[in-house]
Amino acid sequence: EGGIRAFMESLTQSDRGSAVGSFSHLTYYLSFPTINQTWAYFTLTGEWYGPLPYSTSSAYTNTNYPSTFLGAIGGHNEVVAVRTNTNEIDYWFADGDSDLGSSQVVTWTGPLSDSGSPHLEKEYGMIALTAPVQAGYYCRATLVVDPGVTGANGLQKQWSGLFDLSKGPTIVGTVGDQNGNALRGYLAQLTLTFSTGYGVKS
């Protein structure tokens with residue numbers, strides 16, 4: 001609430017007067033075309049999110065195109081919006097479906113890690129992953145050592161492994177190169193990729 005409150009207090013009377021509201025996927029959108037920003041209020045959590053880097057000067061929630069997932073509980077899918085100071089029409093959320101509750105692939109890439117000693121070569125031998133126990137779901141971890149640097153074989157030093165989340169909450173994997181040797185280097189970067197299930201909140 002602090003974010004939207006501070007934002008609203010920073011606006012001029014003209015900015016507030018130009019605001020345009022619309023509704024889609026259980027979310028109320030408030031656009032401010034004078035500054036090309038939109039804020040979103042998700043009704044299930046009661047929280048504001050934003051700002052989004054776009055806006056509209058006129059919007060209409062099209063009730064003729066209910067989302068297949070949210071239609072049964074009164075959600076609307078498509079918002080017809082006009083771009084500010086143009087006659088161009090955009091269709092927001094017009095893909096015929098909602099990603100709320102649907103399966104999604106989520107990827108997180110961490111920062112480069114040097115353990116505080118970038119001048120010392122380290123050996124990376126294990127990765128421990130802690131996550132809620134989720135039967136039937138997997139998380140792929142990829143560790144790249146000294147990103148951008150290739151070995152004598154022309155390949156990056158990296159390891160990739162699949163973690164079975166039903167074995168959690170903490171799963172330990174052994175890290176190694178193609179030959180089973182521990183990876184050695186100065187820097188490392190970890191990427192996690194996870195596919196959620198339909199209706200699963202991760």
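The exercises below work through a predicted model of a single chain, each with a solution in steps.

**Exercise 1. Describe the overall make-up of the chain: how many helices and strands does it have, and what percentage of its residues count as buried?**

Step 1. Begin with the secondary structure, where the chain shows two helices and 15 strands.

Step 2. Turn next to burial: of the 202 residues of the chain, 32% count as buried.

Step 3. Consider the surface, of which the chain exposes about 11,900 Å², with carbon and sulfur atoms supplying 54% of that area.

Step 4. Finish with the contacts: among those in the chain with a separation of 6 or more, 57% are between residues 24 or more positions apart.

**Exercise 2. Work out the surroundings of aspartate 15: is this residue buried or exposed, and which side chain of opposite charge is nearest?**

Step 1. Locate the residue, which lies in helix α2, spanning residues 13-17.

Step 2. Establish its burial and its charge partner: aspartate 15 is buried, and the nearest side chain of opposite charge, that of arginine 16, is 7.8 Å away.

Step 3. Apply the cut-off: because a salt bridge requires a side-chain nitrogen of Lys or Arg within 4 Å of a carboxyl oxygen of Asp or Glu, aspartate 15 is left with no salt bridge.

Step 4. List what aspartate 15 does touch; not counting residues up to four places away in sequence, these are Phe32, Thr34 and Ile35.

**Exercise 3. Trace the open sheet of four strands: what is the order of its strands, and in which sense do they pair?**

Step 1. Write down the order, which is β1-β2-β3-β4, with antiparallel pairing.

Step 2. Identify the edges: β1 (20-24) and β4 (47-52) are the edge strands, each pairing on one side only.

Step 3. Add the geometry, in which neighbouring strands of this sheet are turned by 20° against each other on average, direction ignored.

Step 4. Examine one pairing in detail: strand β3 (residues 37-42) runs antiparallel to β4 and is joined to it by four bridges, and tyrosine 41 stands opposite tryptophan 48 in β4.

**Exercise 4. Describe the pairing of strand β11 with β12 and with β15: how many bridges join each pair?**

Step 1. Take β12 to begin with: β11 (residues 138-150) pairs with β12 (residues 156-164) in the antiparallel sense over nine bridges.

Step 2. Find a residue pair across them, where threonine 142 has serine 160 in β12 as its bridge partner.

Step 3. Move to β15 (residues 188-195), which runs antiparallel to β11 and is joined to it by seven bridges.

Step 4. Place a residue pair here as well: arginine 140 stands opposite threonine 193 in β15.

Methods. Residues are numbered from 1 along each chain as its sequence is written. This is a predicted model: local features need pLDDT of at least 70, side-chain atom pairs count only at pLDDT 80 or more; totals for chains, interfaces and linings use all residues. Side-chain values use heavy atoms; hydrogens and water are left out. Buried means under 20% relative accessible area, exposed over 50%, partly exposed in between (1.4 Å probe, protein chains only). Lys and Arg count as positive and Asp and Glu as negative; His and the chain ends are not counted. Contact means heavy atoms within 4.5 Å. Accessible areas come from the Shrake-Rupley method with a 1.4 Å probe; for residues, only the protein chains shown count as cover. Two strands pair if DSSP finds at least two bridges between them. Axes are lines fitted to C-alpha atoms, for helices over the stretch in contact, and angles run from 0 to 180 degrees between N-to-C directions.
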